[in-house]
Every structure is written in C-alpha cells, then in structure tokens.
Amino acid sequence: MNGDGLIVVDKPGGMTSHDVVARIRRLARTRRVGHGGTLDPMATGVLVIGVGRATRLLTYVIGAGKSYTATVRLGQSTVTDDAEGDVLTSTPAGELTDAAIRAAFGPLTGEIDQVPSAVSAIKINGERAYKRVRDGESVDLPARRVTVHRLDVLAIRRDAPDVVDVDIDVTCSSGTYIRALARDAGRSLGVGGHLTALRRTAVGSFTLAEAATLAALEERAPEVVNLPLDTAAGRYFPRRDAGVDEARVLSHGGPLDPVGIAGPYAVFGPDGGLIAIVSERDGRARAEIVLAPA
C-alpha cells in the first residue's frame, strides 16, 4: 500500500493530538506524520492524520469546518472552561428554566466575536497561552470572529443538585472553541458554565463513520492509511484532469491556463495520479503545493 495519505482516527480521551501522532509514527514506520487540527486531551472523536506527502494537505484540513457533540455543565465555572480545570465558582443552577437555558445559547450562533479560552494553544509572544496560565500568569486573549453555523440543544438534564447538564450539537468554523461557548452560556445565565464532555463528529467531509480506533490501526500496521493521497485529494478538492504536456509543466512548478474552477483545486495527471493543488490568480493556474513524486 502507498504510505502517503490520510487517516481518520477516532481519538480516545486522555491522549493529546501529539500522542496520537507519535503512535501513528510508530505504526506507519515513518517520522513524516502530522495532524489536521488539535483536540484537547479530554476530547474524543475525529482527528485527521496525514502521512508522508499527505502532510502537506493538512493546512487545508485545519481550516475546514467542524462538528461536535458536547455536554455543558451549568452552575460551575473552571479555570480551563472544561472539567480538567479547578472549579472557580459554584452557583446553584437548579432553578433555571429550560426556556431560559435554550435562550442563552441563541446569541452564540451565527457570526460571533468569541474570546478563546485562556487555556488554549494560541501563542502570545511565541509562547502558548495554556503554558502561561499554568505558570500562574493572567492571560487576556482578544476576541476572534468565528461562525457557529448550527447549535442545537439536544437535552437538558438535572441529574445532580445545583447543576444542570446540557447536551448540544454544534457545527462551526475552524477556530471556534466549544469550551468558550460553555463558558459564555453559563456567564449569560449568571451561574457559570464549563464543558464536561466533547466529541468531534466531523472535520469537513471526514466523519466518525469512517474513523478508525487506534486499536484497529494497531492490527493492520504498517498499512494504516485508509485514504491514499490521490483518493483524499479527489474527495476534498474540486478536480481538474491535465493532459500530458500540462502534467509535465505543472509537476515542475510551471503555470497552466485557467479553466475557471474556484480554487484551490486538485490537478491529476493522465495516469490518475495527483500532481498539485492549484489556485487561479492573475490569469494563470498556479501550484500552491506540488505533490507529484520526485
């Protein structure tokens, strides 16, 4: 099997995204492995892994929209805005009505200016925000414009005194922090809120339905790639087929004539192999990355 391609992993809880990359490096027997968008250790679900030349596709995967299911606990705020952090405040939430809870999530949909969680991977002067917080610093991050395309309240549960657990289903733009949604909903209700469970169900068109567990990947190692490079690119990008002369020019980084495809798009050679990811600008179709084998 060609070792270049993508793997859709169902990340287990308790592992960092880097832990998963390290495991795949061992299984695939290559150091050239990366991931397409961090998941917190507490979170589970879809983590797209690139192997070999497909690591160059990950910059596009990172920018794809995401979907999640999550549980928000109202009545407690934490340092990290999730269950891994110390509790900062506790305010009885049992008297909140279902209508009030649902209404609190309404303003968190559409285009919003979201302040990321202080315990995030965002860099401040070259250092991750979460490291500064763990070192005892107070971190203030600027708001970012994100889009929450859909936020459905699936269930409201009152299984413990003074707290209310709310199950939600979210589809959002890249860069949206689900922890921040939990924090902001709790803040608007005056009782605080944090995330107790998070499962990523999709990254772009890659879903849990095709995700493999690490145990399953162990069993078929080293043939762990389930979306070879050509297949992955053909599925993720619009497609253009090049002739022999075009393929030769493009494989050496030269431009092609435009064909009016909104880019970026994937260009394939006469043999069906991926040559490059291309975008059209200034009257030419130019390679953003060339992926044809050397």
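**Helices, strands and unusual bonds**

Me: Let's start with helix 3 in this predicted model. Which elements do the buried residues of helix 3 pack against?

Reply: Packing here rests on contact (heavy atoms within 4.5 Å), and buried means under 20% relative accessible area, exposed over 50%, partly exposed in between (1.4 Å probe, protein chains only). Helices (H or I, at least four residues) and strands (E, at least two) are DSSP runs numbered from the N terminus. The partners of the buried residues of helix 3 are strand 4 (66-74), strand 10 (144-157), strand 11 (164-172) and helix 5 (178-189).

Me: What should I know about how the model was handled?

Reply: Residues are numbered from 1 along each chain as its sequence is written, and side-chain values use heavy atoms, leaving out hydrogens and water. Local features need pLDDT of at least 70, side-chain atom pairs count only at pLDDT 80 or more, and totals for chains, interfaces and linings use all residues, since this is a predicted model.

Me: Why are the buried residues of helix 3 on the same side?

Reply: Helix 3 covers residues 98-105, and Ile101, Ala104 and Phe105 are its buried residues. They sit on the same side of the helix because the arc they cover around the axis (taken from the directions to the C-beta atoms) is only 100°.

Me: Which exposed residues are on the face of helix 3 turned away from its buried side?

Reply: Look across the helix from Ile101, Ala104 and Phe105, the buried residues. The face turned away from them carries Ala99 and Ala103.

Me: Which strands are at the edges of the open sheet of four strands?

Reply: Follow the order of this open sheet, 15-16-17-18, which has mixed pairing. Strands pair if DSSP finds at least two bridges between them. The two that pair on one side only are strand 15 (239-241) and strand 18 (284-290).

Me: Which residue stands opposite Arg281?

Reply: Strand 17 (residues 274-281) and strand 18 are antiparallel partners, joined over six bridges. In strand 18, the residue opposite Arg281 is Arg284.

Me: At what angle does helix 8 run to strand 17?

Reply: Helix 8 (residues 244-251) lies across strand 15, strand 16, strand 17 and strand 18. Axes are lines fitted to C-alpha atoms, for helices over the stretch in contact, and angles run from 0 to 180 degrees between N-to-C directions. For comparison, helix 7 (residues 229-236) runs at about 135° to strand 16 (265-268). The angle of helix 8 to strand 17 is about 85°.

Me: How many residues of strand 1 are buried?

Reply: Strand 1 (residues 5-11) has antiparallel partners: strand 14 (residues 227-228) over two bridges and strand 3 (residues 44-51) over seven. Leu6 stands opposite Leu227 in strand 14, while Asp10 has Val46 as its bridge partner in strand 3. Strand 1 is mostly covered, and its buried residues number seven of seven.

Me: Which residue does a cis peptide bond join to Gly263?

Reply: Most peptide bonds are trans. One cis bond joins Ala221 and Pro222, with omega about 5°. With Gly263, omega is about 0°, and the residue joined to it is Pro264.

Me: Is Arg29 buried or exposed?

Reply: Arg29 lies in the loop between helix 1 (17-28) and strand 2 (33-35), and its phi is positive, near 60°, although it is not a glycine. With a relative accessible area of 66%, Arg29 is exposed.
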